[in-house]
Amino acid sequence: MKIAMIGTGYVGLVSGVCFSDFGHEVVCVDKDPAKIAKLKDGKVPIFEPGLEALMTRNVAAGRLSFTLDLAEAMRDAEAVFIAVGTPTRRGDGHADLTYVMAAAEEIAHTLRHYAVVVT
């Protein structure tokens, strides 16, 4: 299965790496050029034991890649996961879904084929 993972934080990166280790083709996308550059250089920007080795193995196998381009990430994807930040909203402590809604809107404007969108 081809998967697009939007967001390369703890949830997105770990999920994307694990899906690729299960044999799926995964493209992780993020808006942060510095983070994508680090990932392309094989550097994991978060602490998760064993993640770097899994990431390196799956990049080498051609099942895992990283990009800044949402359209590229979603090309032929059968599933698109939204794994962007949900910081605490000021004042009431609820999750701020601004980034989730923005990602969903970008998907709606970019996706040109049927795919399951997972939040």
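How many nonpolar, polar and charged residues are found in the lining of the largest pocket? The legends below take up this question after an overview of the chain, which is a predicted model.

**Figure 1. The protein chain as a whole.** The predicted model contains 5 helices and 5 strands. Read along the sequence, these elements follow the pattern β-α-β-α-α-β-α-β-α-β. The radius of gyration of the protein chain is 14 Å, close to the 14 Å that the globule rule gives for 119 residues, and the chain is therefore as compact as a globular protein of that length. Along the principal axes, the C-alpha trace spans about 45 × 35 × 25 Å.

**Figure 2. The region annotated as a domain.** An unreviewed UniProt entry lists residues 1-119 as "domain: UDP-glucose/GDP-mannose dehydrogenase N-terminal". Over residues 1-119, helix accounts for 40% of the chain and strand for 18%. The C-alpha atoms at the two ends of this stretch are 18 Å apart.

**Figure 3. The open sheet.** Strands of a sheet pair through backbone hydrogen bonds, in either a parallel or an antiparallel manner. In this model, 5 strands form an open sheet in the order β3-β2-β1-β4-β5, and their pairing is parallel. The edges are occupied by β3 (64-67) and β5 (116-118); each has a single partner strand, so one side of each is left without a neighbour in the sheet. On average, neighbouring strands of this sheet are turned by 20 degrees against each other, direction ignored.

**Figure 4. The pairing of β1 with β2.** Strand β1 (residues 2-6) runs parallel to strand β2 (residues 25-29), and the two pair over 5 bridges. Isoleucine 3 has valine 26 in β2 as its bridge partner.

**Figure 5. The loop that holds aspartate 76.** Aspartate 76 is located in the loop between α4 (70-74) and β4 (79-82). The phi angle of aspartate 76 is near 65 degrees, a positive value in a residue other than glycine.

**Figure 6. The largest pocket and its lining.** Rolling a probe the size of a water molecule over the atoms shows where empty space is left. The largest pocket has a volume of about 300 Å³. Of the 13 residues that line this pocket, Ile6, Lys31, Val84, Ala103 and Glu106 are the closest to its centre. Helix α5 (residues 98-110) gives the most to the lining, with 4 residues. The opening question is answered here: the lining has 8 nonpolar, 2 polar and 3 charged residues.

Methods:
Residues are numbered from 1 along each chain as its sequence is written. This is a predicted model: local features need pLDDT of at least 70, side-chain atom pairs count only at pLDDT 80 or more; totals for chains, interfaces and linings use all residues. Side-chain values use heavy atoms; hydrogens and water are left out. On a 1 Å grid over the protein atoms alone, a cavity is a set of points where a 1.4 Å probe fits but cannot get out, and a pocket is an open set with protein on both sides within 12 Å along at least five of seven lines; lining residues have an atom within 4 Å of a point. Grid points are joined across faces, edges and corners, and a volume is the space filled by probe spheres set on the points. Ala, Val, Leu, Ile, Met, Phe, Trp, Tyr, Cys and Pro count as nonpolar, Asp, Glu, Lys and Arg as charged, and the others, Gly among them, as polar. Two strands pair if DSSP finds at least two bridges between them. Axes are lines fitted to C-alpha atoms, for helices over the stretch in contact, and angles run from 0 to 180 degrees between N-to-C directions. UniProt positions are given in the numbering used here, feature names are shortened, and annotations may be inferred rather than shown by experiment. The radius of gyration is taken over C-alpha atoms; the globule rule is 2.2 Å times the number of residues to the power 0.38.
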